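Reader: Hey, I've got a structure open and I'd like to talk it through. Can you walk me around?

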Amino acid sequence: MKFANHPLISVLVAAGVIAVAAGSYAVHAADPAPAEAPRPALTVAVTQQQRIAVPLRVGANGNIAAWQEASVGTEANGLRLADVKVNVGDVVKRGQVLATFAPDTVLADQAQIRASVAEAEAALAEAAANAQRARELQTTGALSAQQINQYLTAERTAQARLEAQRASARTQQLRLGQTKVLAPDSGVISSRSATVGAVLPAGQELFRLIRQGRLEWRGEVPASDLSRVKPGQGVEVTAASGAKLTGKVRMVAPTVDVQTRNGLVYVDLAVSPEARAGMFGHGEIDVGAQQSLTLPQSAVTLRDGFHYVLRVGPDSKVTQLKVKVGRRIGDRIEIASGVPADAKVVASGGGFLADGDLVKVVDAPAPSVAQK
């Protein structure tokens with residue numbers, strides 16, 4: 001009897017295979033699948049706060065002005081301006097000729113005075129000779145005492161007239177020198193009102209001169225900060241053009257404006273082609289330094305008007321901390337509050353993370369502290 005080809009046996013074998021397969025599937029379905037490990041949202045480097053010397057500065061606004069201005073005018077009266085040799089912006093030296101007046105009238109008066117001096121010298125010579133003879137005849141009685149006194153008085157009168165004429169000659173010589181307008185000091189011509197051909201009275205201003213080319217910044221400092229400002233402190237002034245000017249405090253005004261409650265600080269500026277009298281500038285006065293905790297600016301993010309840092313915990317998850325920041329020093333920023341001193345925070349890329357995200361921490365290069 002052959003069982004291999006029997007239909008009933010084939011059916012029983014097939015049913016057994018199906019049952020074994022079903023049992024194996026049930027066993028595997030009962031075992032739970034292993035959970036997949038969470039993946040970090042970002043690979044980051046961490047940093048910690050560093051204590052550095054943060055410069056303390058007092059801000060102020062003010063104008064750039066001339067240290068001193070000299071008014072250059074004419075001393076001669078009624079002379080015609082013949083030549084103007086300088087213009088606004090010219091750099092001049094002490095004693096340099098700025099303008100000249102026509103000397104014709106002065107030369108004519110000088111010639112007349114010289115003639116008067118010569119006449120007075122001749123009159124004195126005659127009077128002196130007469131007085132000498134009178135002195136010689138005084139003991140002989142040939143001349144009366146009255147006549148002798150007249151000769152002696154005539155001599156003294158002639159001498160006085162000669163001195164007066166010589167004084168007039170010196171005056172005319174001074175007037176001739178006044179036909180040249182000289183610079184009273186070295187500096188820069190800031191304004192000019194001299195016009196060729198004008199006949200000017202004595203005292204008329206012709207030029208204004210910035211003495212020695214020196215400029216100063218006059219910053220208005222609140223009264224509450226004036227006590228912190230001392231002569232010799234360094235100042236950085238940012239002009240309206242963006243130019244950076246350096247200087248030092250020369251003096252602090254002894255009074256405070258009753259309207260603004262601000263006091264003036266006078267700052268000597270270093271010579272710079274960017275500085276112009278009359279320019280507005282914002283200044284920062286260096287009044288010292290203090291030790292403060294800082295972080296790289298890349299570690300601080302700004303969201304909705306507030307500053308945040310992301311603290312990395314032992315479980316590599318980040319926690320968002322709201323912080324209060326202060327001054328910026330190079331590429332670092334002062335942390336006033338909000339972060340524990342030993343906390344590790346995300347050094348950069350915090351803008352791509354949210355509170356509770358998992359991160360992968362890698363070693364960061366040694367930080368470089370940039371101080372200004």
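Author: Sure, what follows is a tour of the chain from its overall make-up down to single residues. Keep in mind that this is a predicted model.

Reader: Good to know. How many helices and strands are we talking about?

Author: The protein chain has 4 helices and 21 strands.

Reader: And what share of the residues is buried?

Author: Of its 372 residues, 30% count as buried. The accessible surface comes to about 22,200 Å², and carbon and sulfur atoms account for 54% of that.

Reader: What about contacts, how many join residues at least 24 apart?

Author: Taking contacts between residues at least 6 apart in sequence, 76% join residues at least 24 apart.

Reader: OK, helices. What span should α2 have, and what do its end C-alpha atoms give?

Author: Helix α2 covers residues 104–136, which is 33 residues, so at 1.5 Å a residue it should span 48 Å. Its end C-alpha atoms are 49 Å apart, which agrees.

Reader: And how far does α3 reach?

Author: From its first C-alpha to its last, α3 reaches 48 Å. That is close to the 48 Å expected for its 33 residues.

Reader: Which residues of α2 are buried?

Author: Among them are V106, Q110, I113, V117 and A120, and further along L124, A127 and N130. The buried residues of α2 pack against β4 (79–84) and α3 (145–177).

Reader: Now the other side of that. Which residues are buried in α3, and what covers them?

Author: The buried residues of α3 are I148, L152, E155, A158, L162 and Q172. What covers them includes α2.

Reader: Switching to sheets. In what order do the strands run in the one with β3?

Author: The order is β3-β10-β8-β5, 4 strands in an open sheet with antiparallel pairing. The edges are β3 (69–73) and β5 (91–92), and each has a single partner strand, so one side of each is left without a neighbour in the sheet.

Reader: How many bridges join β3 to β10?

Author: There are 5 bridges between β3 and β10 (residues 205–211). If you want a pair to click on, E69 has I210 as its bridge partner in β10.

Reader: And between β8 and β10?

Author: Those two run antiparallel and are joined by 5 bridges. Here R192 has F207 in β10 as its bridge partner.

Reader: Which strands make up the sheet with β4 in it?

Author: That open sheet has 4 strands in the order β7-β6-β4-β9, and its pairing is antiparallel. At its edges stand β7 (180–182) and β9 (199–200), each with a single partner strand, so one side of each has no neighbour in the sheet.

Reader: What joins β6 to β7?

Author: Strand β6 (residues 97–101) and β7 run antiparallel, with 3 bridges between them. A99 stands opposite V181 in β7.

Reader: Pockets next. What volume does the largest one have?

Author: The largest pocket has a volume of about 410 Å³. It is lined by 19 residues, and the closest to its centre are V188, G213, L215, S272 and A275. The elements giving two or more residues to that lining are β8 (187–192) and β14 (262–269).

Reader: Which element gives the most to the lining?

Author: That would be β8, with 3 residues.

Reader: Any odd backbone angles? What's the phi of Q212?

Author: Q212 has a positive phi of about 60 degrees although it is not a glycine. Q212 is found in the loop between β10 and β11 (215–222), and it is partly exposed, with a relative accessible area of 44%.

Reader: And where is R261 found?

Author: R261 is found in the loop between β13 (244–252) and β14. Its phi is near 60 degrees, a positive value in a residue other than glycine.

Reader: Does R261 count as buried or exposed?

Author: R261 counts as exposed because its relative accessibility is 53%, and the cut-off for exposed is over 50%.

Reader: Last one: T301. Buried or exposed, and what does T301 touch?

Author: T301 is found in strand β16 (residues 301–303). At 15% relative accessibility, T301 counts as buried, since buried means under 20%. Not counting residues up to four places away in sequence, T301 touches F306, H307, Y308, G350 and G351.

How values were computed. Residues numbered from 1 in each chain as written. Predicted model: local features only at pLDDT ≥ 70, side-chain atom pairs only at ≥ 80, totals over all residues. Heavy atoms only, no water. Buried < 20%, exposed > 50% of the residue type's maximum accessible area, 1.4 Å probe, protein only. Contact = heavy atoms within 4.5 Å. Areas by Shrake-Rupley, 256 points an atom, 1.4 Å probe, with all protein chains shown as cover. Expected span 1.5 Å × (residues − 1). Pairing = 2+ DSSP bridges. 1 Å grid on protein atoms, 1.4 Å probe; cavity = no way out; pocket = protein on both sides within 12 Å on 5 of 7 lines; lining within 4 Å. Points joined across faces, edges and corners; volume = space filled by probe spheres on them.
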